Amino acid sequence: MTIHISEKVRKKIHIIEPKELGQDIWHILEEQHFKGILSNIIVDHLCKKYTLNRQQLALKLLPIGTAYSHAPISKFYVSAVAIGISGNFYFGANLEFSSTNIQQTVHAEQSAISHAWMNNEKGITDIVVNYTPCGHCRQFMNELRTAPQLEIHLPHSSNNKLHSYLPDSFGPADLNIENFLLDAHDNKLNYDTENPLILTALQAANSSHAPYSSSYHGVAIETQDKQIYKGSYAENAAFNPSLPALQVAINHLLLSGDSLQNIRHIVMVEQANNLSYRKMSEELISSLGDFTFEYIAV
């Protein structure tokens, strides 16, 4: 039996201190149908009301992120908050998928950053997380233009520069890449259609970050109630921390308060110049349910 996100969040509210803050967050999330974003205006209001800075507030709210976690394999729930240059908070959580390979996993920091990206955030200033970032996530965060200034905040240690966790780092600048993750992209892909789901997948492919392979893909998911969620490919200089578009779209759906059971139709648009994510995506989709999957090569 699937537990609705509202019930998962309700179980986490009592952990937040002070209790009044927990109740405020409950009402805010309920009003926005459990979309895992707090606007800059709301963040400012809560900081003033409870005499907290942004990082302190995000640390107090980490239990909320674990409500969005999907960890059937590890039973280990990781929560992250990406703070955008806009001042918005974007929740993230680890996602695991059983009956497929473990490389399909999404880490919480990847989740929060890609969540911000799909909501048109232009940059990340801080990552707040309940456990120390693994090497995979450190490398993923290094793909950001803000990586040299990016600060990591943990319950036991705050205000740590990313590069203190990743000394002598290797990243986009070492390969003379000028367009970073979350920067504006236009990959100039074209496909003649008026179908809104395909157009969303095409737009996501055009926004994908793939400077190393020049292979671009995007995904759009349509739900039973006609909501559409998008995902763009996030490639990494170290290759393995790359995040496929399907996972980005699934993450977008879940952090918007929706459920996997509500998926109806998935479209992938791909220009597979040096590699293709088609088979990997088909495998993950088949493990999730009997959904219509449409693949379009451009």
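No salt bridges are counted between domain 1 and domain 2. Polar contacts are another matter: 13 residue pairs make them across this interface, both residues of each pair being at pLDDT 80 or more. The model discussed here is a predicted one.

## The two domains

Domain 1 covers residues 33–175 of the protein chain, and domain 2 covers 196–297. Their centres, taken over C-alpha atoms, are 21 Å apart. Contact between the two involves 33 residues of domain 1 and 30 residues of domain 2. About 2500 Å² of area is buried between domain 1 and domain 2. Carbon and sulfur atoms give 64% of that area.

Three residues stand out on the side of domain 1. Q104, W117 and M118 supply 25% of the area that domain 1 buries against domain 2. No other three residues supply more.

Which elements give two or more residues to the side of domain 1 that touches domain 2? They are β3 (89–93), α6 (108–118) and α7 (135–141). The most comes from α6, which gives six residues to that side.

## A buried asparagine

N251 sits in helix α10, which spans residues 245–254. Is N251 buried or exposed? With a relative accessible area of 2%, N251 is buried. Leaving aside residues up to four places away in sequence, N251 touches A93, L95, S111, S114 and H115.

## Salt bridges

Side chains of opposite charge can pair when their charged atoms come close. The whole structure holds nine salt bridges. Three of them are set out below.

| Salt bridge | Closest N and O atoms |
|---|---|
| R10 and E7 | 3.6 Å |
| R145 and D183 | 2.7 Å |
| E222 and R264 | 2.6 Å |

Take R10 and E7 to begin with. Both residues lie in helix α1 (residues 5–13). They are three residues apart, about one turn of the helix. R10 is partly exposed, at 45% relative accessible area. E7 is partly exposed too, at 34% relative accessibility.

The salt bridge of R145 with D183, at 2.7 Å, links two loops. R145 lies in the loop between α7 and β5 (151–154). D183 lies in the loop between α8 (162–165) and α9 (196–206). The pair therefore ties together parts that are 38 residues apart in sequence. R145 is partly exposed, with a relative accessible area of 44%, whereas D183 counts as buried at 15%.

E222 and R264 meet through their side chains, 2.6 Å from N to O. E222 belongs to strand β7 (residues 216–223), and R264 belongs to strand β9 (residues 263–271). This pair therefore ties together parts 42 residues apart in sequence. At 12% relative accessibility E222 is buried, while R264 is partly exposed at 36%.

Some salt bridges share partners. In this way E20, D24 and K49 are joined into one network.

## Cysteines

How many disulfides does the structure hold? The count is zero. C134 is in no disulfide, and the nearest cysteine sulfur, that of C137, is 3.7 Å away. A disulfide needs the two sulfur atoms within 2.5 Å, so C134 and C137 do not qualify. C134 is partly exposed, at 30% relative accessibility. C47 is buried, with a relative accessible area of 10%.

Terms used
Residues numbered from 1 in each chain as written. Predicted model: local features only at pLDDT ≥ 70, side-chain atom pairs only at ≥ 80, totals over all residues. Heavy atoms only, no water. Buried < 20%, exposed > 50% of the residue type's maximum accessible area, 1.4 Å probe, protein only. Helix = DSSP H or I, 4+ residues; strand = E, 2+ residues; numbered from the N terminus. Contact = heavy atoms within 4.5 Å. Domains from an automatic or database assignment. Buried area = accessible area lost by both parts, 1.4 Å probe. Salt bridge = Lys/Arg side-chain N within 4 Å of Asp/Glu carboxyl O. Polar contact = N/O pair within 3.5 Å; in protein donor to acceptor, adjacent residues only side chain to side chain.
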